[in-house]
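Subject: Handover of a structure and findings

Dear colleague,

Please find below the structure that I am handing over to you. My findings follow directly after it.

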Amino acid sequence: MSGPASFGWGTIVRLGLVQTALGAIVVLITSTLNRVMVVELALPAALPGGLVALHYAVQVLRPRWGYGSDLGRRRTPWIVGGMALLALGGAGAALGTALVATQAAAGYGLLVVSFLAVGIGVGAAGTSLLVLLSTGVAPHRRGAAATIVWIMMIAGFVVTAPTAGHLLDPFSGDRLVAVSSGVSLIAFLVAVAALWRVEPARPPVPAQAPPAGPFARVLAEVWAEPEARRFTVFVFLAMLAYSAQELILEPFAGLVFALSPGATTKLSGLQNGGVLAGMVFVALVTANGRGALASLRLWTVTGCLGSAASLVAIAACGFAGPGTPLRPCVVGLGLFNGIFAVAAIGQMMALAGSGGAPDGESRHGTRMGVWGAAQGLAFGLGGFLGAAGVDLARLAFGTVVPAYAAVFVTEAALFLVAAGLAYRIGRPERKARAIETLSVRHAV
């Protein structure tokens with residue numbers, strides 16, 4: 001690989017394996033350990049919830065990690081280092097969970113440290129991996145690359161959860177530590193093997209090149225870029241709406257439509273199937289890079305508008321009651337969620353290299369970190385705000401259906417605002433004005 005935009009499909013799949021490894025460890029942390037704490041150890045559900053929130057909270061440090069990879073002009077060390085910390089956090093979290101039953105103070109302390117390590121590892125590895133993709137994938141392949149990487153992360157969830165569940169029977173603390181440590185070690189080794197000699201050598205920094213600016217100044221310069229700032233707000237609003245419905249859709253279907261737990265689980269499966277279909281659809285229509293349908297901005301806007309319409313339709317189904325087409329509306333929500341998510345990631349890759357910094361690529365990691373921090377913060381808040389919003393609305397309305405409808409419509413409104421922002425991002429005339437403004441600023 002001699003230059004930028006040279007990654008073939010095989011290399012993209014290899015980088016997707018890093019996401020598979022990342023997803024394998026994360027699903028153990030957020031799903032398996034969550035269940036063990038609440039069911040086997042009879043701990044308050046707030047404990048795993050608070051630990052997961054802690055792992056999201058440290059995502060606000062993503063810009064600093066991206067800046068660090070900009071300084072070194074290499075992404076691989078940050079990905080490997082992040083995966084190592086993630087693997088240690090995964091094993092440590094299992095050990096902390098097992099210790100809680102006999103040595104509570106040590107167990108809780110280890111859990112806090114381990115979830116912090118998981119958050120830092122995910123942020124450092126995930127940010128630099130997206131930067132590596134953005135600098136190595138041709139523009140017309142970005143939508144497909146985002147789909148491949150996202151689907152392979154989901155594959156990590158799908159493969160690891162049932163496999164670990166099988167290996168954990170019969171349950172014991174020692175078995176939990178052994179399985180989690182084994183999964184973490186295998187995931188780390190897979191990531192290292194997948195990254196081997198992928199990143200091309202970076203040319204040495206010219207002797208006359210100015211020294212890199214301090215982090216605070218670089219972050220301020222990135223935030224001063226209109227496109228970067230607008231995209232940050234878009235990511236936060238869209239991901240807030242995306243995550244807010246995750247914890248309330250199944251309870252809504254159970255309370256309003258009297259669906260059994262098995263039926264609501266199948267409903268979530270239909271939604272996830274729609275997400276997958278939306279991602280694949282964007283990959284197929286944008287792969288050739290030609291024509292209006294290859295525009296990632298078009299599909300980002302379409303995904304947000306369709307998600308808003310689907311949420312309103314789901315709210316309307318609640319008022320209409322049993323017999324209404326809830327399932328097609330949920331599938332539609334998943335479809336448009338998948339369309340907007342993968343198109344937005346593709347846009348993120350393109351925008352990470354835009355801007356008027358005089359040192360070119362040196363802002364890639366910082367920009368990607370800012371957007372990753374917005375996404376992490378939105379995910380951390382979304383589930384809580386969605387569930388809390390339903391509780392507050394039930395107190396206000398006194399009945400279930402208007403309460404859920406109010407939250408679904410609020411999420412739809414967030415998607416509409418996000419669609420308006422997405423429409424304004426990446427327009428040629430805006431790019432020209434932004435570059436002209438930044439050029440004048442640097443000249444002054």
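A residue is called buried here if its relative accessible area is under 20%. By that criterion, 49% of the 444 residues of the chain are buried. Please note that this is a predicted model, and that the values below were computed from it.

Overall architecture

The chain contains 16 helices and 0 strands. Its C-alpha trace spans about 65 × 50 × 35 Å along the principal axes. The radius of gyration is 22 Å, which agrees with the value near 22 Å that a compact globule of 444 residues would have. Among contacts with a separation of 6 or more, 82% join residues that lie 24 or more positions apart.

The pair α6 and α13

Helix α6 covers residues 142-167 and helix α13 covers residues 326-352; their axes come within 8 Å and cross at roughly 120°. Because angles of 65 to 115 degrees count as roughly perpendicular and those over 145 as roughly antiparallel, this crossing makes α6 oblique to α13. The handedness of the crossing is right-handed.

On the α6 side, the contact is formed by Arg142, Gly143, Ala146, Thr147 and Trp150. Their counterparts in α13 are Ala341, Val342, Ile345, Gly346, Met349 and Ala350. Taken together, the residues of this contact comprise 7 nonpolar, 3 polar and 1 charged.

Two individual residues

Gln271 belongs to helix α11, which runs over residues 261-286. Is this glutamine, Gln271, buried or exposed? With a relative accessibility of 10%, Gln271 counts as buried, since the cut-off for that class is under 20%. Leaving aside residues up to four places away in sequence, Gln271 touches Gln245, Leu249, Val330, Leu333, Gly334 and Asn337. Of these partners, Val330, Leu333, Gly334 and Asn337 fall within the residue range 326-352 of α13, the helix that also meets α6.

Gly372 is located in helix α14, residues 364-397. Its relative accessibility is 7%, so Gly372 is likewise classed as buried. The C-alpha atom of Gly372 is separated by 9.4 Å from that of Phe236, although the two residues are 136 residues apart along the chain.

In short, the helix pair described above is an oblique one with a right-handed crossing, and both Gln271 and Gly372 count as buried.

Yours sincerely

Conventions: Residues numbered from 1 in each chain as written. Predicted model: local features only at pLDDT ≥ 70, side-chain atom pairs only at ≥ 80, totals over all residues. Heavy atoms only, no water. Axes fitted to C-alpha atoms, helices over the stretch in contact; angles between N-to-C directions. Helix = DSSP H or I, 4+ residues; strand = E, 2+ residues; numbered from the N terminus. Parallel < 35°, antiparallel > 145°, perpendicular 65-115°, else oblique. Left-handed = near helix turned anticlockwise from the far one by under 90°. Contact = heavy atoms within 4.5 Å. Nonpolar A, V, L, I, M, F, W, Y, C, P; charged D, E, K, R; others polar. Rg over C-alpha atoms; globule rule 2.2 N^0.38 Å. Buried < 20%, exposed > 50% of the residue type's maximum accessible area, 1.4 Å probe, protein only.
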